Amino acid sequence: MTLFIKDIKFVMIKNRVSLIFDEHHEGLRTEKEYDYGSFIPQEYLRATPLDLPMVSEGEVARHFVNISIKNHHVDKGFYPLGSCTMKYNPKLNESVAYFSGFKDVHPLQPVETVQGTLGLMFELGESLKELTGMDAVSLQPAAGAHGELTAMIMIRKFFDRKGEKDRKIILIPDSAHGTNPASVTLAGFKAVTIPSLKNGEIDIEHLKKVLSPDVAGLMVTNPNTLGIFESEIMRINELVHRAGGLVYMDGANMNALLGIVKPGDLGFDIMHLNLHKTFSTPHGGGGPGSGPVLCKNNLKDFLPVPIITKQQDGSYSLNFDAKETIGKMLSFYGNFLVMVRAYAYILRLGIKGLKRVSRGAIISANYLKTKISKFLRIPFSGLCMHEFVASGKELKKEYGVRTLDIAKRLLDYGFHAPTIYFPLIVSEAFMVEPTETESLNTLNRFIETLKTIIEEAKTDPDKIKESPFNTPIRRLDEVMAVKLLDVRS
Ligand SMILES: Cc1ncc(COP(=O)(O)O)c(C=O)c1O
């Protein structure tokens with residue numbers, strides 16, 4: 001078999017492979033034939049065959065099914081993890097991502113041979129621009145936090161080019177996700193906190209006081225991590241612009257706004273999206289992610305390269321020539337198969353379907369919030385967006401039962417726990433995000449279970465403190481689990 005990848009020719013014959021290089025690959029020998037074995041030092045080669053168990057297909061299937069149900073996952077049960085949006089991953093996305101034309105391409109193939117792939121990325125970018133009201137996009141960042149970092153580096157370069165190098169501060173509300181100050185710091189800025197008002201929104205009077213020629217911009221999550229839409233956002237963005245700064249939207253919560261509001265129309269200059277939170281691609285487990293960055297024309301030249309462009313004849317190319325680009329943020333073009341899944345989701349639903357998704361997420365969250373508020377305190381009243389935060393402060397004070405204990409007890413009833421102790425501005429926080437795909441039946445079961453657990457907390461607090469009882473592993477020492485990670489036993 002012979003395979004050409006760029007100007008390298010691979011010839012595979014049985015267990016030998018020949019790599020035939022072009023002359024201009026300096027330092028590499030041409031027409032050299034390698035033996036697989038010679039790539040690996042002798043001391044690492046096995047002398048005896050591997051002792052593998054002989055099992056039937058049925059036994060293998062049972063083994064993996066049993067492993068898969070030991071953990072909690074979105075295909076097994078309700079997963080209301082606030083801020084993390086554990087959205088159902090439609091199986092159609094998986095089928096499309098397994099098309100051999102997508103999964104078998106190699107990033108070093110000549111562009112003429114991957115036109116469909118580039119076309120998909122281009123069209124995904126166009127859809128995201130349309131949904132966000134932005135002018136340009138890069139699909140390269142591998143996660144939300146990576147998108148934040150990319151955008152912050154672009155903002156830094158924007159001010160460098162303008163000769164405003166003294167703009168060293170990025171303002172961030174105190175309700176922000178932890179990745180926000182981390183990205184800001186990593187990009188060489190100083191993160192300065194803006195307090196929230198009692199209603200959970202940004203304190204505009206405080207913002208006015210801290211805006212200065214040292215401020216490069218404001219980083220806002222909207223809806224914020226309390227699940228509240230920043231109702232004064234247009235005024236806020238105008239104030240920052242008047243002070244010469246830029247506004248960044250952490251668009252991780254865009255799953256509440258699809259087809260309803262475009263950040264570009266609200267005055268944002270730049271933002272990121274989390275394809276796993278908004279466009280149903282798999283989330284978590286350390287697998288590949290995608291956090292595209294979108295911006296207005298004022299920041300377009302700074303986007304990472306390559307940019308996928310559509311030529312007049314309808315073909316696609318990769319443009320590496322952008323003069324002001326910040327360079328590359330990831331190898332090749334980003335995590336392509338994640339993009340395939342997101343694009344399949346967008347095409348399947350269309351703009352109307354995506355709007356229904358966001359409305360469904362908002363309705364489910366408000367339903368839960370209203371019902372749960374009858375037995376657990378919700379510090380921020382009024383309607384929420386796709387998520388809300390309750391507080392277990394009183395339960396801790398009166399019965400010594402912490403939010404952690406409530407979360408653990410939920411596992412006994414087959415529910416994943418909501419996010420706890422975040423955002424930091426709510427004491428004993430319990431952050432619930434149901435997403436749009438859960439049935440009324442599931443939501444009602446969750447409400448009834450939570451009510452039962454809170455009754456248990458009042459009548460038998462010690463039991464709650466010892467839970468969970470029904471999971472494969474009881475209470476973990478979470479600090480030790482991180483410090484002495486053992487994924488094999
Ligand atoms: C509001 C917000 N910002 C940023 C992030 C970071 O995204 P990622 O986990 O993909 O890095 C998240 C993650 O869920 C988030 O909820």
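Which residue has a polar side-chain atom 3.0 Å from an oxygen atom of the ligand? I looked this up first, bearing in mind that the model is predicted. The residue is His276, and the atom in question belongs to its side chain.

**Entry 1: the ligand**

I then looked at how much of the ligand is covered. On its own the ligand has 390 Å² of accessible area, and the protein covers 88% of that area. I noted which elements give two or more residues to the surrounding shell: helix H6, residues 144-162, and helix H11, residues 275-278. Helix H6 supplies the largest share, with three residues.

I listed the polar contacts made through the backbone as well. A polar backbone atom of Gly144 is 2.8 Å from an oxygen atom of the ligand. For Ala145, a backbone N or O atom lies 2.8 Å from a ligand oxygen. Both residues fall within the range that I recorded for helix H6, 144-162.

Gly144 and Ala145 also appear among the residues that come nearest to the ligand, together with Ser83, Asp250 and Lys277. The shell holds 13 residues in total. Sorted by class, I count seven polar, three nonpolar and three charged residues there.

**Entry 2: the largest pocket**

I next turned to the largest pocket. Rolling a probe the size of a water molecule over the atoms shows where empty space is left. The volume of the largest pocket is about 1400 Å³. I found 32 residues in its lining, of which Asn71, Lys408, Leu411, His416 and Leu476 are the closest to the centre.

Three helices each give two or more residues to this lining: H2 (57-70), H14 (403-412) and H17 (478-483). The largest share, four residues, comes from H14. By class, I recorded 18 nonpolar residues in the lining, with seven polar and seven charged.

**Entry 3: a three-stranded sheet**

Which strands make up the open sheet, and in what order? I read the order as S14-S16-S15, with antiparallel pairing. Strands of a sheet pair through backbone hydrogen bonds, either parallel or antiparallel.

I identified strand S14 (388-391) and strand S15 (419-420) as the edge strands, since each pairs on one side only. Strand S16 covers residues 429-432 and is joined to S15 by two bridges, the two strands running antiparallel. As a marker for this pairing, I noted that Thr419 stands opposite Met431 in S16.

Key. Residues numbered from 1 in each chain as written. Predicted model: local features only at pLDDT ≥ 70, side-chain atom pairs only at ≥ 80, totals over all residues. Heavy atoms only, no water. Near = heavy atom within 4 Å. Polar contact = N/O pair within 3.5 Å; in protein donor to acceptor, adjacent residues only side chain to side chain. Areas by Shrake-Rupley, 256 points an atom, 1.4 Å probe, with all protein chains shown as cover. Nonpolar A, V, L, I, M, F, W, Y, C, P; charged D, E, K, R; others polar. 1 Å grid on protein atoms, 1.4 Å probe; cavity = no way out; pocket = protein on both sides within 12 Å on 5 of 7 lines; lining within 4 Å. Points joined across faces, edges and corners; volume = space filled by probe spheres on them. Pairing = 2+ DSSP bridges.
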